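Colleague: Got a minute? I'd like to go through this structure with you, bit by bit.
Modeller: Sure, let's have a look.

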Amino acid sequence: MNRNSEKFTLAGHAGSMEGLLDFPADTPRGIALVAHPHPLYGGTMDNKVTQTLARAFVALGYVVARINFRGIGASEGVHDHGAGETDDMQLLYEHMRGLYPGLPVALSGFSFGTFVQSKLQERLAAAGTPVERLALIGSAAGKWAMADIPADTILIHGELDDTIPLSAVFDWARPQDIPVIVIPGADHFFHRKLNHIKNLVIALWHGDKPAIAADDH
């Protein structure tokens, strides 16, 4: 945790939730909620891809909120197969909206976290409060019943992902006509490709052509 980060706890449906806020250098222009990979397979809010997404949104000027899902770290409760995790992420959404009223909210996630965020954006859209935009990395399509997503969603996947095959993501995205950005040579955890994710999210958020820096991870 760096000096621009702050731990917090929040009362959830299954007990206390452990979280982390990451702050931009200047006044936030928006709120970003980042969801981590599957908790039963080692996923935490400190996962490297999740951290990379947090850094990307901080660079974009967003205050970033992450939580450990149920049963992970100091978060209470037990894994609820995505339903309870979506409820908890909605509580985080409401909490952050209370702290920063009027700011737009972006959602992002990695792996299992993409399922949670797709369901949350579906709920919020149905309630008449759609989010600003989604950035989904290593989509859980084919493993989880992902909700349909908006046309401007940033959807990034690894060419060599053997956990969630690229073909499954195409099968899910094709009927929605959502472009899929493929990182050549990337596995599910984007080893040595993390800067690609950060630079792509930053550039595509602004509509620029990304410049990919070398990655030493």
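**Chat about the fold**

Colleague: What covers the buried residues of helix 5?
Modeller: Keep in mind that this is a predicted model. The cover over the buried residues of helix 5 includes helix 1 (48-59), strand 4 (62-67), strand 5 (105-110), strand 6 (133-137), strand 7 (154-158) and strand 8 (181-183).

Colleague: And which residues in helix 5 are buried?
Modeller: Leu194, Asn195, His196, Ile197, Asn199, Leu200, Val201, Ala203 and Trp205.

Colleague: How does the length of helix 5 work out at 1.5 Å a residue?
Modeller: Helix 5 has 13 residues (194-206), so at 1.5 Å a residue it should span 18 Å. Its end C-alpha atoms are 19 Å apart, which agrees. Just after helix 5 comes Gly207, with a positive phi of about 80 degrees.

Colleague: Switching to the sheet. In what order do the strands come?
Modeller: The sheet is open, with 8 strands in the order 1-2-4-3-5-6-7-8, and the pairing is mixed. Strand 1 (5-12) and strand 8 are the edge strands, each pairing on one side only. On average, neighbouring strands are turned by 20 degrees against each other, direction ignored.

Colleague: Is strand 5 enclosed or exposed?
Modeller: Largely enclosed by the rest of the structure, because 6 of its 6 residues are buried. Val105, Leu107 and Gly109 point one way from strand 5, while Ala106, Ser108 and Phe110 point the other way.

Colleague: Why would they take turns like that?
Modeller: In a regular strand, side chains alternate between the two faces of the sheet.

Colleague: How many bridges join strand 5 to strand 6?
Modeller: There are 5, and the two strands run parallel. Phe110 has Ile137 in strand 6 as its bridge partner. Strand 3 is also joined to strand 5 by 5 bridges, again in parallel, and there Ala35 is partnered with Gly109. Strand 6 and strand 7 run parallel too, joined by 3 bridges; Ile137 has Ile156 as its bridge partner in strand 7.

Colleague: What packs on the sheet?
Modeller: Helix 2 (residues 83-99) does, touching strand 1, strand 2 (15-22), strand 3 (30-35), strand 4 and strand 5. The direction of helix 2 makes about 160 degrees with that of strand 3. Helix 3 lies across strand 3, strand 5 and strand 6, at about 150 degrees to strand 5.

Colleague: Which residues of helix 2 are buried?
Modeller: Gly84, Glu85, Thr86, Asp88, Met89, Leu92, Tyr93 and Met96. Helix 3 is part of what covers the buried residues of helix 2, along with strands including strand 1 and strand 2.

Colleague: What does Met89 touch, leaving aside its neighbours within four places in sequence?
Modeller: Met89 is in contact with Leu33, Val34, Ala35, Ile67, Phe69, Val116, Gln117 and Leu120.

Colleague: And which residues touch the most other members of the largest nonpolar core?
Modeller: Leu33, Met89, Leu92, Met96 and Leu155, in a core of 38 residues. Helix 3 (residues 112-126) gives the most to this core, with 5 residues. Apart from it lies another core of 24 residues, among them Leu53, Phe57, Ile183 and Ala186.

Colleague: Last thing: which residues does the UniProt domain annotation cover?
Modeller: The unreviewed UniProt entry puts "Serine aminopeptidase S33" at residues 47-150. In this model, that span is 42% helix and 16% strand, and its end C-alpha atoms lie 26 Å apart.

Terms used: Residues numbered from 1 in each chain as written. Predicted model: local features only at pLDDT ≥ 70, side-chain atom pairs only at ≥ 80, totals over all residues. Heavy atoms only, no water. Helix = DSSP H or I, 4+ residues; strand = E, 2+ residues; numbered from the N terminus. Expected span 1.5 Å × (residues − 1). Buried < 20%, exposed > 50% of the residue type's maximum accessible area, 1.4 Å probe, protein only. Contact = heavy atoms within 4.5 Å. Core = buried A, V, L, I, M, F, W, Y, C linked by side-chain atoms within 4.5 Å. UniProt positions renumbered as here; feature names shortened; annotations may be inferred. Pairing = 2+ DSSP bridges. Axes fitted to C-alpha atoms, helices over the stretch in contact; angles between N-to-C directions.
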